[in-house]
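Me: I've got a model open and would like to talk through how it's put together. Can we go through it bit by bit?

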Amino acid sequence: MRLFLTGGAGFIGSHLAEALLARGDEVFCVDNFDPFYARSVKEENLREALRSPRFRFVEGDFRDRALVRRLLAESRAEAVLHLGAKAGVRPSVEDPAGYVSANVEGTIVLLEAARDLGVRKFLFASSSSVYGDDSQAPFSEDSAANRPASPYAATKKAGEELAHALHHVAGLDVVCLRYFTVYGPRQRPEMAIHKFARHLAEGRPLTVYGRGLLERDFTYVSDVVAGTVAALDFLVRTRPCFEVFNLGNANRVRLDDLLDVLQRTFGRRAELRYEERPAGDVERTWADVSKARRLLGYEPRVGIEEGVRRFAEWFEARRGAAGPPHAADGPGAASGGPPADASALRRPAATAERR
């Protein structure tokens, strides 16, 4: 299958690209290397995919209408996988307009291009944040989810609604995936598990928001990738189609319990400094994945202890290589410190295009 992927240099996108290439798909990837964190980290993310002759990468912004239409036509894609976005709950509180530009305007550019060029299949990466604080847990796709608690969440809900509108008026087949707190190797450096690990390694105090009582449905990246591939296959074989799926671990972990797991796994203890929940953060996330189980065969397999162990192995092998955190995100991210040295990261093995 020929696929057009946005955000493929990011955390989830790069893992997804590798999984698709491994099963024989052709992947045409666009990413603008948004400076939210170090470019060198994203270049490292692309290293494995760039070894494949079935992977093509173009540096560009999916808000550029002319560029998107030209590249989508060149790719001869059978489906669009839109994972690209301006990420992070807390920074969106400071920059709502920037998030609307990237996540709403960029999404409609892609939807219109898919409609006009006859690409009928569209997969949209949404977020558990759309449920806000008012939805009943565990969160079901049937929830109204109409009171997002942050600008980021509002832009993701807007993306879902725009996708539904294009499904209704133009016949696009759409799947929206609500990801729940994804972690694992390559996790963004400002997210809680990665940031806590870095501060543990450096012997620095951990700032813990929400007094350690916030709960998150931490989902290992391999489970999310498996669910995304299954959702793509469902999308391809289903017509007409508009569906929303939760992809989570179907378990909630309290932040103080996560800290215990991290400290035991890394064999280090840290001073904990507790602060109140920041604006935009929700009290809990918790996925009801019964719909994904039924229609996609989705089954999360990696629990928090095993997932943190796998993350720790990756982190220890690459300690000091991650770029600096540029924003605070996740249920308990600590305040940022001096930037880590990213100079050890090599350039991608193959040459990518830039436009």
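Reply: Sure. One term first: a residue is called buried when its relative accessible area is under 20%, and exposed when that figure is over 50%. Keep in mind that this is a predicted model.

Me: Then is alanine 145 buried or exposed?
Reply: Alanine 145 is found in the loop between strand 5 and helix 6. Its phi is positive, about 45°, although it is not a glycine. The relative accessible area is 3% and the cut-off is under 20%, so alanine 145 counts as buried.

Me: And how does arginine 186 count, buried or exposed?
Reply: Arginine 186 is another non-glycine residue with a positive phi, about 80° here. Look for arginine 186 in the loop between strand 7 (182–183) and helix 7 (192–202). With 17% relative accessibility, arginine 186 counts as buried.

Me: Zooming out, what percentage of the protein's residues count as buried?
Reply: The protein has 11 helices and 14 strands. About 14,000 Å² is exposed, with carbon and sulfur atoms supplying 47% of that area. Out of 355 residues, the share that counts as buried is 59%.

Me: Among contacts between residues at least 6 apart in sequence, what percentage join residues at least 24 apart?
Reply: Valine 253 and aspartate 217 make a handy example of a pair separated along the chain: they sit 36 residues apart in sequence, yet 6.2 Å apart in space, C-alpha to C-alpha. For the protein's contacts between residues at least 6 apart, the share joining residues at least 24 apart is 84%.

Me: Which helix gives the largest share of the largest nonpolar core?
Reply: That core has 73 residues, and the members touching the most others are Phe55, Leu81, Leu83, Tyr179 and Leu258. The largest share of this core is 9 residues, and they come from helix 8 (residues 221–237).

Me: How many residues are in the second, separate core?
Reply: Phenylalanine 55, from the largest core, touches Ala17, Leu21, Val27, Cys29, Leu46, Ala49 and Leu50, leaving aside residues up to four places away in sequence. The second core is separate and includes Val30, Leu71, Leu110 and Ala170. Its size is 27 residues.

Me: Which strand holds valine 253?
Reply: Valine 253 counts as buried, at 14% relative accessibility. Beyond residues up to four places away in sequence, valine 253 touches Leu214, Glu215, Arg216, Phe218, Leu258 and Ile304. The strand that holds valine 253 is strand 12 (residues 253–254).

Me: How are helix 9 and helix 11 oriented to each other, parallel or oblique?
Reply: The axes of helix 9 (residues 255–266) and helix 11 (residues 304–317) come within 10 Å and cross at roughly 45°. Helix 9 passes helix 11 in a right-handed crossing, and residues that meet there include Leu258 and Val261 from helix 9 and Ile304 and Val308 from helix 11. An angle under 35 degrees would count as roughly parallel, so at roughly 45° the two helices are oblique.

Me: Which residue does the cis peptide bond from arginine 239 lead to?
Reply: One cis peptide bond joins alanine 137 and proline 138, with omega about -5°, and proline 138 is found in the loop between strand 5 (121–127) and helix 6 (151–170). The bond from arginine 239 is cis too, with omega near -5°. It leads into the loop between helix 8 and strand 11 (242–247), and the residue there is proline 240.

Technical notes
Residues numbered from 1 in each chain as written. Predicted model: local features only at pLDDT ≥ 70, side-chain atom pairs only at ≥ 80, totals over all residues. Heavy atoms only, no water. Core = buried A, V, L, I, M, F, W, Y, C linked by side-chain atoms within 4.5 Å. Buried < 20%, exposed > 50% of the residue type's maximum accessible area, 1.4 Å probe, protein only. Helix = DSSP H or I, 4+ residues; strand = E, 2+ residues; numbered from the N terminus. Contact = heavy atoms within 4.5 Å. Areas by Shrake-Rupley, 256 points an atom, 1.4 Å probe, with all protein chains shown as cover. Axes fitted to C-alpha atoms, helices over the stretch in contact; angles between N-to-C directions. Parallel < 35°, antiparallel > 145°, perpendicular 65-115°, else oblique. Left-handed = near helix turned anticlockwise from the far one by under 90°.
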